[in-house]
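Morning, everyone. I'll take you through one model today, chain by chain, and then the places where the chains meet.

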Amino acid sequence: MTVIATPPRRERVKAAAFKGVLLLSLGVGLVSLGVLLVDTVVTGAPRLNLDLLRRFPSGRPALAGAQSAIMGTIWVVGLCGLFTVPVGVGAAVYLEEYADPARWYNRALEVNIQNLAAVPAIVYGILGLGFLVRGIGLGQVVLAAALTLSLLVLPIVIIASRQAIRAVPNSIRLGSLALGATRWQTVRRQVLPAAVPGIATGSILALSRAIGEAAPLILLGGLTFITFNPTGLDSAFTVLPIQIFNWISRPQEEFRILAAAAIVVLLVILLAMNSAAILIRSRSQRKW
Amino acid sequence: MTLTIDPTQPALGQRRLGASKPRHGERAIAALLGLCALVSVATTVGIVVALFVPTVEFFRSVSLREFLTTTEWAPLFDRARFGVLPLATATLVTTLCALAVCVPFGLGAAIFLSEYASGRARSLLKPALEVLAGIPTVVYGFFALTFVTPLLQEIWFGPGDPPQIFNGLSAGLVMGVMILPTIASLAEDAMSAVPRSLRAGAFALGSTKLQVSTRVVVPGALSGIVAAIVLGISRAVGETMIVLVAAGGTPNFTFNPAEAMQTMTAFIAAAGMGDQPTGTIGYKTIFAVGAALFVATFVMNQLSIRLVRRYREAYE
């Protein structure tokens, strides 16, 4: 009787080498992440204090802070959320609950959203510049920035909301309809409440994308030297990533340190948002 | 209860099952939701119109031939030159540098996650890798400029001079790290969609795990892998902040990644910062280069979407 032989030595070496290469591949990403985080924190450490949040940008690095940028980010991204979440959820409800997928225009709508999700961010900046800032003459203001970012993250909100809505089992809908509820009553009282955690998670992730986005806002004039907090929709603005870019592009070493410190602030905000998203997801995991 | 037949009502079989009276509120809501979905269509139309109207005007004053075949790009100078090739080669060089990182390592990570990692390891490693995708690109730009470039200058052993302070190489390499999780995640999806039975069959014929991974799973997931790479290229071509910060701001017709160069996206951002007056040729160049960028990425995204659909149709 023969036993199944262990593979020859050469095969075993090859297998181990292959696995090693795969682990290395994974390591490249993870190690880069680690180095990036450590390097930024170490570089920025000297300026990581409350003055960074309290002070306004200044030509003198010792006096400079990021308050107007942080307030600008809150204004722009807050407004962006107000615009994009209702519209995104509405579009998702339409596509999942109302649209007949056999119709060509509904399929075209779907392909269009997939396409928009992959359009480079800077192209949205050009759209904002051409239509909002110059076209209808909004100027380089908070509202133009918020609208541009809304269009940029809208596909993300739609795609995430659709997934959340699709995960609600059909029996819930059928039960509701069988009890005499109308279509909208079913959506409003059964489907949406059940889909809220998924929608919230997707929206938070979309907004964290908006927080980090600098390229489109550069085109909208977010790079001007702003030493005051936004006061309204028509206020000039700067945001955190753009303030960071501004500091990076200056030659003095002190501004680099400031940039690193501001990056740490930005990453902490993103970390908080992502943790919230993960928390919501794990808290609300419901088995149907 | 006995069923009485009311002669004024239509027979049971003919009765309409829909609402007995029109519900205008319901209709209004459906229309409103449809309108939300139409915002995305309006966005696409807006992008196309915003890009192509000034682009057409641009090509009234600049010949397509000059734009595509000459090698000097100086649209904002007095003696303006409109050869887009330096921007195009810079985009090509940084993209190739990015691909050199994200294709091999992204696919390696995907094979590991799909074929080798236990469920537990995967549920830890995948989110960790995806953190990379959530880091703002300006942060990557800072990393490229202040960490990777000095490192490259230090350890440079290649031919020619070491990299300049601004160079396409470090921008490209860091861009590769940024795109890595995208490729890894999409390729892993495609590999996971390859049916278990194919793997089981190969194992039954005496294949090793290495052979199953490279000769069954990878070929089986090929269209999805290609889709992931194409999407990665599209991301690299469209990425702005990393190249703006780390690759420099001078148009340079070169294929040497160690030199400073300006990509298409970096030009758009730089020209946008300069606050060009509406209607000038400098303002229109932003849109012309933007249109070229949009067309290039659009074609790649379409290709990627089709390829993904292909493997979905094959296996699901």
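Let's begin with chain B. Among its contacts with a separation of 6 or more, 75% are between residues 24 or more positions apart. Keep in mind that this is a predicted model.

What is chain B built from? It has twelve helices and two strands. Start at the N terminus and the order is α-α-β-β-α-α-α-α-α-α-α-α-α-α. So two helices come before the strands, and helices follow them. Chain B has a radius of gyration of 27 Å, and the globule rule gives 20 Å for 316 residues; the value is well over that, so the chain is more spread out than a compact globule. The C-alpha trace spans about 100 × 65 × 35 Å along the principal axes of chain B. As for burial, 47% of its 316 residues are buried.

Now zoom in on one residue, B:Gly176. It sits in helix 6 of chain B, residues 168–192. Is B:Gly176 buried or exposed? Buried, because it has 28 C-beta neighbours inside 10 Å, and the cut-off for that is 20 or more. Beyond its neighbours within four places in sequence, B:Gly176 contacts a run of residues: B:Cys97, B:Ala98, B:Leu99, B:Ala100, B:Val101 and B:Cys102. Then look across to B:Gly232. That glycine is 56 residues from B:Gly176 along the chain, and their C-alpha atoms are 8.7 Å apart.

B:Gly232 turns up again with B:Ile183. Leaving out residues up to four places away in sequence, B:Ile183 touches B:Gly232, B:Ala228 and B:Ile229, and also B:Cys102, B:Val103, B:Gly106 and B:Leu107. B:Cys102 is on the contact list of B:Gly176 and on that of B:Ile183.

B:Ile183 also matters for the next slide, on the core. The largest nonpolar core holds 185 residues. Which residues have the most contacts inside it? From chain B, they are B:Val174, B:Ile183, B:Ala187, B:Ile242 and B:Val245; from chain A, A:Ile126 and A:Ala262.

That brings us to chain A. Here we have eleven helices and zero strands. Its radius of gyration is 24 Å, well over the 19 Å from the globule rule for 288 residues, so chain A is also more spread out than a compact globule. Its C-alpha trace spans about 75 × 70 × 35 Å along the principal axes. Buried residues come to 45% of the 288. For contacts with a separation of 6 or more, 76% join residues 24 or more positions apart.

How confident is the predictor here? The average pLDDT for chain A is 89, with 96% of residues at 70 or above. Helix 2 of chain A, residues 50–54, has the lowest confidence, a mean of 83. Helix 6 of chain A, residues 142–166, has the highest, at 95.

One helix to rotate on screen: helix 5 of chain A, residues 121–135. It kinks by about 35°, centred on A:Leu129. Of its 15 residues, 13 are buried, so helix 5 is largely enclosed by the rest of the structure. Just after that helix, A:Gly137 has a positive phi of about 70°.

Last stop, the interface. Each chain brings 68 residues to the contact. On the chain A side, helix 1, residues 9–44, gives the most, with 18 residues. What is that side made of? It divides into 47 nonpolar, 14 polar and seven charged residues.

That's the tour. Questions, please.

Conventions:
Residues are numbered from 1 along each chain as its sequence is written. Chains are lettered from A and ligands numbered from 1 in the order in which they are written. This is a predicted model: local features need pLDDT of at least 70, side-chain atom pairs count only at pLDDT 80 or more; totals for chains, interfaces and linings use all residues. pLDDT is the predictor's confidence in each residue, from 0 to 100. Helices (H or I, at least four residues) and strands (E, at least two) are DSSP runs, numbered from the N terminus. Two residues are in contact if their C-beta atoms, placed from the backbone, lie within 7 Å. Ala, Val, Leu, Ile, Met, Phe, Trp, Tyr, Cys and Pro count as nonpolar, Asp, Glu, Lys and Arg as charged, and the others, Gly among them, as polar. The radius of gyration is taken over C-alpha atoms; the globule rule is 2.2 Å times the number of residues to the power 0.38. A residue is buried if 20 or more other C-beta atoms lie within 10 Å of its own, exposed if 12 or fewer, and partly exposed in between; C-beta atoms are placed from the backbone. A nonpolar core is a set of buried Ala, Val, Leu, Ile, Met, Phe, Trp, Tyr and Cys residues joined through C-beta atoms within 7 Å. The bend at a residue is the angle between axes fitted to the seven residues ending there and the seven starting there.
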